[in-house]
Amino acid sequence: MNKSILGVIDATTSNVSLEPLLTHRSLAAVPFGGRYRLIDFILSNMVNSGIHSVAIFPKYQYRSLMDHLGSGKNWDLNRKRDGLFFFPSPSFEAELSGIGAFNHFSHHIDYFERSKQEYAVISNCFTVNTMNFQPALEKHIQLGSDITELRHHAKSLQMYILKTSLLIDLIKTRKRTDFTCMRDVVESSTHNYKISRYEVPGFAKMIDSIECYYDMSLSLLDPSTWKELFMKDYPIYTKVKDEPPTRYSNGAVVKNSMVANGCVIEGHVENSIIFRGVKIGKGAVIKNSIIMQKSTIGSNCSLDAVILDKDVKVESGVSLIGKHDHPLVLQKGSTQGALMSS
């Protein structure tokens, strides 16, 4: 069985506890794992499941998200038919609705009505996992379900499978039913829809706080986690960038770390994730930290339990120490000098 599915990614979530990383980007575009963005995982899962039409519904600071995804070429979604679509929210007013907000969808109802896919999968943009949606759809059909909620360890992943026609009906009747999103429908007992649950196998983690982001990132250094997330048959696609290989100086030391290409490493890096284009000076010691793209760390610095966002500059001799259960976060483009930290 290989039924056609419409992919719908709700990229409207703005988690307060992740705000230091969301000042200039949406949650979907948060860098992860040295070279990825969070949305790469759900988008790759959809593509690997044979989904050729994906609609993304962003709301806040989505310029970097659009820059990352572009035409969808890196996900094979730059197609003459179907492909990748963006449907920004017409309103920036706060709405207390969950994943799959019917009001947002209603502004683009013509997209759903024109879609040829019989089924739709609605998902959040911040779950890190690797999966194929086809087995879940098969179960959905076998059970004769109206809506299937995907779960992991009995906890909702905020992913739903249903017929596209039912989704359109839920959108159009939202004012009469008072259902604002998919969660409302799944949790309500006032309707006659058959709701089923599907347990997603393997690894899955929803990134909903800085601490969760930090722990999940460093867990990639565990080979068992890496093998569960990056499978040969289900590759995780991302924006391709041509960078030279990383250059290590004679005195460089790197232990149990991920280092992307384009970096210059002259210091000591241990148990850390280093994104593309990072420069680490002589005598610098980086431990248990996440250093994002094009950040620069001067000589003789000491960093432990720190998250540096993109383009952060740490001047020589600076010491930045966070806690493993509460990492220190420096926002994108900021500078940390010896005088500032004294």
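**Close-up 1. Helix 6 is followed by glycine 144, whose phi is positive.** This view of the predicted model begins just past the helix, where the phi of glycine 144 is near 65°. At the N-terminal end of helix 6, asparagine 132 acts as the cap. Look there for a side-chain oxygen of asparagine 132, which lies 2.9 Å from the backbone nitrogen of glutamine 134.

**Close-up 2. Helix 6 (residues 133-142) has buried residues, and several elements cover them.** The buried ones are Phe133, Gln134, Ala136, Leu137 and His140. They span an arc of only 160° around the axis, so they sit on the same side of helix 6. Among the elements that cover them are strand 1 (5-11), helix 2 (39-48) and strand 6 (119-123). Strand 8 (147-152), strand 9 (155-163) and strand 10 (195-199) also belong to this cover.

**Close-up 3. Strand 8 pairs with strand 9 and with strand 10.** Five of the six residues of strand 8 are buried, which leaves the strand mostly covered. With strand 9, the pairing is antiparallel and runs over six bridges. Along this pair, you can find arginine 151 opposite serine 156 of strand 9. Two residues lie between the strands of this hairpin, and histidine 153 has a positive phi near 55° there. With strand 10, strand 8 pairs in the parallel sense over five bridges. Here glutamate 149 has arginine 197 of strand 10 as its bridge partner.

**Close-up 4. The largest nonpolar core has 91 residues.** Those with the most contacts inside this core are Ile56, Phe112, Phe133, Ile147 and Tyr213. Domain 1 (5-229) and domain 2 (247-336) both contribute residues, so the core lies between them. A second, separate core has 19 residues, including Ala284, Ile286, Leu320 and Leu330. To get a feel for the crowd around one residue, pick out isoleucine 147. Setting aside neighbours within four places in sequence, isoleucine 147 is in contact with His140, Tyr160, Ile161, Leu162, Leu166 and Leu170, among others. Its contacts also include Met182, Val185, Val186, Lys194, Ile195 and Ser196.

**Close-up 5. Histidine 191 sits in the loop between helix 9 (182-187) and strand 10.** Is this residue buried or exposed? At 16% relative accessibility, histidine 191 counts as buried. Its side chain reaches the backbone oxygen of valine 185 at 2.6 Å. A polar atom of the same side chain lies 3.0 Å from the backbone nitrogen of tyrosine 193. Not counting residues up to four places away in sequence, histidine 191 touches Phe179 and Val185.

**Close-up 6. The protein chain is divided into domain 1 (5-229) and domain 2 (247-336).** Taken over C-alpha atoms, the centres of domain 1 and domain 2 are separated by 32 Å. The contact takes 22 residues from domain 1 and 25 residues from domain 2.

**Close-up 7. An open sheet of six strands shows parallel pairing.** Follow the strands in the order 12-15-18-21-24-27. At the edges stand strand 12 (247-248) and strand 27 (335-336). Each of these has a single partner strand, so one side of each is left without a neighbour in the sheet. Strand 15 (residues 264-265) and strand 18 (residues 279-280) run parallel and are joined by two bridges. In this pair, isoleucine 265 has isoleucine 280 of strand 18 as its bridge partner.

**Close-up 8. Asparagine 288 and asparagine 300 each have a positive phi.** Most residues other than glycine have a negative phi. Asparagine 288 has a phi of about 50° although it is not a glycine. You can find asparagine 288 in the loop between strand 19 (285-287) and strand 20 (290-291). For asparagine 300, phi is near 60°. Its place is in the loop between strand 21 (296-297) and strand 22 (302-304). Which of the opposite words, buried or exposed, goes with asparagine 288, and which with asparagine 300? Asparagine 288 counts as buried at 14% relative accessibility, whereas asparagine 300 is exposed, with a relative accessible area of 54%.

Note on methods
Residues are numbered from 1 along each chain as its sequence is written. This is a predicted model: local features need pLDDT of at least 70, side-chain atom pairs count only at pLDDT 80 or more; totals for chains, interfaces and linings use all residues. Side-chain values use heavy atoms; hydrogens and water are left out. A nonpolar core is a set of buried Ala, Val, Leu, Ile, Met, Phe, Trp, Tyr and Cys residues joined through side-chain atoms within 4.5 Å. Buried means under 20% relative accessible area, exposed over 50%, partly exposed in between (1.4 Å probe, protein chains only). Domain bounds come from an automatic or database domain assignment. Contact means heavy atoms within 4.5 Å. Helices (H or I, at least four residues) and strands (E, at least two) are DSSP runs, numbered from the N terminus. The arc is that of the directions from the helix axis to the C-beta atoms. A polar contact is a pair of N or O atoms within 3.5 Å; within protein, one must be able to donate a hydrogen and the other to accept it, and residues adjacent in sequence count only if both atoms are side-chain atoms. Two strands pair if DSSP finds at least two bridges between them.
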